[in-house]
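Good morning, and thank you for coming. Please take a moment to look at the sequence and the structure before I begin.

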Amino acid sequence: MAAALSLLGRAAAVVSGAQRLLRACGVGSAEKSFSRGISTDERPKRPLSAYFRFLVENRPVFKQKNPEMNNKELVKKLAGVWRELPASQKQVYEEATKTDWQRYGKEVAAYKAQLTPAQAAALKEERSKLLAKRRSLKLKRELTVLGKPKKPRNAFNIFVSEKFKASEGISPTAKMKHLYDTWYKLSSSQKQPYQQLAEDDKIRYENEMKPWEAKMVQLGREDLVRFKKRKPKKKTAETAKKAEPVKASSREKKVKLKLKKSEE
């Protein structure tokens, strides 16, 4: 199940990239999305990069010459042509993109000027969410490249992976609902084997994470380590003054105790 979900995630990413490319090439239509009354269709469109501009311009010609090619093969062929293109020919597309960016800057300024304060705030919030999502995806891809161990599965996830194919239901959602209901009807003794497997998976995860994190420290990527060493806090003048009476009182107690012992 975990492997299947991973494959579905990668497939979704590929489909999403293909859809963006097809929209840039004039194939299909972009979905309309709205954020508090602001339509994305009203916003100025970001200019295409020099490479995508080349694809849009040359795709019809290559498609006509190679009708047997599907979109993936066509893009791969065009990418190869772009790599071999002389710098002087690439510059034509780069200059066009530069001009488009200048136009885009003016259009964005005019667009933002006509927004209400509420719309401007909504636009800023949407932008922040989009950037956060991009950062999250970028980090996820980076961790995959760095070979970070897979997180441990809980007992329910292990149960699902074992029973998913044979479970009742036509759609994946229906299957999951059936498994969810089945899991919560199981007795403690029936859940115990899955809970034991989950505990074993936690041990596996910890054993794999220790050398991986040690490697990340060597690579200078302490930001990826779970438990970072905290630097001792420097004592300020104020905290030092507060500590002095405490130290003094403890010394006085010790002195009094010694005197009492000597008197005895």
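Let me start with the vocabulary of elements: helices (H or I, at least four residues) and strands (E, at least two) are DSSP runs, numbered from the N terminus. With that convention, the protein has nine helices and two strands. Read from the N terminus, the order of the elements is α-β-β-α-α-α-α-α-α-α-α.

A word on the source. This is a predicted model, in which local features need pLDDT of at least 70 and side-chain atom pairs count only at pLDDT 80 or more, while totals for chains, interfaces and linings use all residues. Residues are numbered from 1 along each chain as its sequence is written, and side-chain values use heavy atoms, with hydrogens and water left out.

Two totals describe the protein. Of its 264 residues, 22% are buried, where buried means under 20% relative accessible area, exposed means over 50%, and partly exposed lies in between (1.4 Å probe, protein chains only). As for contacts, which means heavy atoms within 4.5 Å, those with a separation of 6 or more come to 62% from residues 24 or more positions apart.

I turn now to a pair of helices. How do the axes of helix H2 and helix H4 cross? The axes of H2 (residues 50-65) and H4 (residues 87-113) come within 8 Å and cross at roughly 110°. Here the axes are lines fitted to C-alpha atoms, for helices over the stretch in contact, and angles run from 0 to 180 degrees between N-to-C directions. H2 is therefore roughly perpendicular to H4; angles under 35 degrees count as roughly parallel, over 145 as roughly antiparallel, 65 to 115 as roughly perpendicular and the rest as oblique. On the H2 side, the contact is made by Ala-50, Arg-53, Phe-54, Glu-57 and Asn-58, and on the H4 side by Tyr-93, Glu-94, Ala-96, Thr-97 and Asp-100. Sorted by class, this contact has four nonpolar, two polar and four charged residues. In this scheme Ala, Val, Leu, Ile, Met, Phe, Trp, Tyr, Cys and Pro count as nonpolar, Asp, Glu, Lys and Arg as charged, and the others, Gly among them, as polar.

Two residues may be added to this region. Gln-91, in helix H4, counts as partly exposed because its relative accessibility is 42%. Its C-alpha atom is 8.4 Å from that of Ala-50, although the two are 41 residues apart along the chain. Arg-46 is found in the loop between strand S2 (38-39) and H2, and it counts as exposed at 53% relative accessibility. Beyond its neighbours within four places in sequence, Arg-46 is in contact with Trp-101 and Tyr-104. The C-alpha atoms of Arg-46 and Trp-101 are separated by 7.7 Å, with their positions 55 residues apart along the chain.

Next come the aromatic rings. A pair of aromatic rings is described by the distance of the centres and the angle of the planes. Rings of Phe, Tyr and Trp (its six-membered ring) pair if their centres lie within 6.5 Å; planes under 30 degrees apart count as stacked, over 60 as edge-to-face and the rest as tilted. How many aromatic pairs does a search of the whole structure find? The search gives twelve. In one of them, the ring centres of Trp-82 and Tyr-93 are 6.0 Å apart and the planes stand at 70°, so the pair is edge-to-face. This pair links distant parts of the chain, with Trp-82 in helix H3 (residues 71-84) and Tyr-93 in helix H4, eleven residues apart. Both Trp-82 and Tyr-93 are buried.

Phe-159 and Tyr-194 also form an edge-to-face pair, at 5.4 Å centre to centre and 90° between the planes. Phe-159 belongs to helix H6 (residues 155-163) and Tyr-194 to helix H8 (residues 188-218), 35 residues apart. Are these two residues buried or exposed? Phe-159 and Tyr-194 are buried. Ring pairs also join Phe-156, Phe-159, Tyr-180, Trp-183, Tyr-184 and Tyr-194 into a cluster.

Ala-155, likewise in helix H6, is buried with a relative accessible area of 11%. Not counting residues up to four places away in sequence, Ala-155 touches Trp-183, Tyr-194, Gln-195 and Ala-198.

I close with Lys-175, in helix H7 (residues 172-185). Lys-175 lies over the face of Phe-164, at 5.7 Å from the ring centre; a charge sits over a ring if NZ of Lys or CZ of Arg is within 6 Å of the ring centre and within 35 degrees of the ring normal. At 14% relative accessibility, Lys-175 counts as buried.
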